[in-house]
Amino acid sequence: MRRLVFLAAALLLLLPLSIHAQEGESTPEANALDINANFYNNAAGWHVFIPSGWANESTADYARFTHDGRMITVREYPGLDAPAAAAQILVDAGLSAETPLDQRDLQLSNGTWTQFVYSRAVVHTQEYEGTRYAMLYAGDASALPVIVMREGVLEDAALIDDGMIEAARLITPTISGAATAETIPQGTGNVTVHTYDGGLTAIGRARGSSVYIVVGSGDTDALNSASVYFTVLNDFFLTPDTQPYLFLGLGVASAIMLILLLSLILRWRSLLRDEAALRELDEA
Amino acid sequence: MSAAVAHSAAESMPRSNRMGSRLLIFLSILTVIGVLIGLYLGLIAAGTDIEQGEVQRLFYIHVPSFAGAFVAFSATVVGGIAYLITRKVKWDALALAGVEIGLALAAINLVTGSVWARPIWNTWWNWDPRLTSDAIMILTYAAYLMLRSGIDNVDTRRRFASVYGILAFSTVLITFLIIRIRPDTIHPVVIGPVLTDASMMATQGDFELNATPGVTSAVAFGSAVWSILVPWVLVWWRIRLENVAHRVTAMRVKVMEQ
Amino acid sequence: MKTTPFFKAVLAIVRKDLQAEMRGRELVGAMGVFALLAILIFSFALELDREARNEVISGVLWVTVIFSSILGLNRSLAMERDQGNLDALLLAPIGRGAVYVGKLIGNYIFTLAISAILLPVMSALYGVSLFNPYVLLTLLLGVLGFTTVGTLLATMTVQTRAREALLPIVMMPVALPIILSAVRASTGALSGASVDDWIGWVQILGALDAIFVVMCFFLFPFVVEE
């Protein structure tokens, strides 16, 4: 009987060990996210998706991906306002400073971005807790990724055309309407392709309450290849500041442990006092 | 536990217990050092989680404290079975100690989880299967203490408490296993593989373990300390307390009889 | 001392319980009135439209069944103890296991009788038909699960100082997994969702029943020693 009890105790002691062994084996499986496809800036607390097929030329300070003469770069500028950060990222990327063709605010799922459209580049920038983050797409005039807000665009397809024409006017202000328009099913939704007089082409897609557009003088393939910038923009992730909750959790956990220890000590003290009193009584 | 109390307790104990006292004090010091190293590894050495920020570090207490509670509640089952077979009081003391220590560790597990959920799930609490079964588990062991206090006869109390302690362990096992029975839980799976697609995992606050350096060693070290040293040292102290209580009761009876 | 064969002893205890009930109707009477009051209070408290009723009716059913079952368990074991029957049963040459199974079957039958009254009454009052084969199956399994735990724990609590007050406190948390899966299974069955979506709960219920029956059967002898 005694042996049986010891066996049971030994088995129970082994249980947590088997748990840890199991955990060690399964961690890679449980982690289905492909973390190699992301650039992490651990010090500044943000990460972005690395588009497949693009060369990763990032340093510790900034992310830079290049492909076929195009470049996407992401970095942070503490203390700068939106126009200053946009001008600075142009210079830092080796482009000449210029006046933006357009500046507007966008509500995306990962924050409020300010969009600057230049003749050969597009900059998106947002501020979070005192630091400004900027993302640049630089290429030639053949393809520029631009976002236009259109509330209710998922229900009303006409808003896509409307948004795309607005984006095309940023480059050629005289455009009045699309020369040809075509809708092609692609993936989970439709992609609209417009051509305009003067050799401009645009592809557009609705997402949330915005229209994502690539517009330029290139062909559809060039436009499609530039649209990968939107993936990078949407996957930009800022680590939230959750430190107060860490301290709260640590505080409550230590409080519980302290209450347990205090209760043990107090009960022990009172028992020893009782014992001393009883011993006196016993001797008397 | 203060050294002064330990010392005076050791003094009033028979010689055979001196060795045990020394070992216990040594183990207590080892536990404190182990917990501090674990906290250092989790709070300072490990990198910040890129998706969740600093609050993810609660994970280094949350997981180990459940392991500790599991071990303590297991001690209750062992104590209960052994008491029912042998009727030796020391086994009941082990069972009671297991419940008290297990409750404290389970409470730590629950509150750290709740505080973590506030920024990550945007709520302190939800009726997710695993959270629900964890709360049930804590209530069950609270009921164990109520049952004990409701019985005057010491033998009956020990007998009933042993039976209930064995029965109550079913809630611990359910809490542990529910993640496999009910895959719709949004609680991140820490132990064992689970099939979810990447986008779901990102929204549910899964841990990007590989992206953050030092996580594996911090979790492994913390769990080892919290599942071996912490519960056993605390349980041992609690048994010591129970022994003193028995001695005082015996003395009280003796004094009364005079 | 020669012990009576197991099944004969179980049958004798069940027959004794049923006969006592036929004569006095103390248990089913109290449980039934309580259950009817409970569903009336629920229907006043939750003034529901038709759709909301469909969602909460299985919850109402289970809460009512559980509380009337706790009432019955307390009464049943308290009667045994007050009249000295339990001591007499334990002195009789029958196994402790047989005493447990006998009491369990008795309590099971009484709680099922209450459920049998509740089903038509609730179907009429809430305008939702509860006569669904899966709801009946869930009732059979769920009631078995918590009367198993309840019979063991009620035998313990009637011997304590707090008596009636203690049973719900010690029984509810242990029985909650059974209740939860029973509620989920019957809600699933009534919602008209496909069987695959909720049949898992019925399987969990069956597994829990098996675990608790075995555990309680072996633990019962320890709670009736004198």
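In this predicted model, B:R87 sits in the loop that links α3 (59–86) to α4 (89–121) of chain B. Its phi is positive, about 60°, although B:R87 is not a glycine. Most residues other than glycine have a negative phi. B:R87 is partly exposed, because 13 other C-beta atoms lie within 10 Å and a residue counts as exposed at 12 or fewer.

A comparable case occurs in chain A. A:D68 also has a positive phi, near 60°, and is not a glycine. This residue lies in the loop between β4 (63–67) and β5 (70–78) of chain A. A:D68 has 12 C-beta neighbours inside 10 Å and therefore counts as exposed.

Chain A also contains an open sheet of five strands. The strand order is β10-β14-β13-β12-β11, and the pairing is antiparallel. The edges are formed by β10 (144–149) and β11 (180–186) of chain A. Each edge strand has a single partner, so one side of each is left without a neighbour in the sheet. On average, neighbouring strands of this sheet are turned by 25° against each other, direction ignored. Within the sheet, β12 (residues 189–196) and β13 (residues 200–207) of chain A run antiparallel and are joined by five bridges. A:T192 stands opposite A:G204 in β13(A).

Chain C shows a helix pair. The axes of α5 (residues 96–126) and α6 (residues 133–157) of chain C come within 9 Å and cross at roughly 135°. That angle makes α5(C) oblique to α6(C). The crossing of α5(C) past α6(C) is right-handed. On the α5(C) side, the contact is made by C:Y100, C:K103, C:L104, C:N107, C:Y108, C:T111, C:L112 and C:S115. On the α6(C) side, the contributors are C:L139, C:V143, C:L144, C:T147, C:T148, C:G150 and C:T151. By class, this helix contact has seven nonpolar, seven polar and one charged residues.

Chain C also touches chain B. The contact takes 19 residues from chain C and 22 residues from chain B. On the chain C side, α7 (166–191) and α8 (195–223) each supply at least two residues. The largest share of that side, seven residues, comes from α7(C). By class, the chain C side has 15 nonpolar, two polar and two charged residues.

Definitions and conventions:
Residues are numbered from 1 along each chain as its sequence is written. Chains are lettered from A and ligands numbered from 1 in the order in which they are written. This is a predicted model: local features need pLDDT of at least 70, side-chain atom pairs count only at pLDDT 80 or more; totals for chains, interfaces and linings use all residues. Two residues are in contact if their C-beta atoms, placed from the backbone, lie within 7 Å. Helices (H or I, at least four residues) and strands (E, at least two) are DSSP runs, numbered from the N terminus. Ala, Val, Leu, Ile, Met, Phe, Trp, Tyr, Cys and Pro count as nonpolar, Asp, Glu, Lys and Arg as charged, and the others, Gly among them, as polar. Axes are lines fitted to C-alpha atoms, for helices over the stretch in contact, and angles run from 0 to 180 degrees between N-to-C directions. Angles under 35 degrees count as roughly parallel, over 145 as roughly antiparallel, 65 to 115 as roughly perpendicular and the rest as oblique. A crossing is left-handed if the near helix is turned anticlockwise from the far one by less than a right angle, and right-handed if clockwise. Two strands pair if DSSP finds at least two bridges between them. A residue is buried if 20 or more other C-beta atoms lie within 10 Å of its own, exposed if 12 or fewer, and partly exposed in between; C-beta atoms are placed from the backbone.
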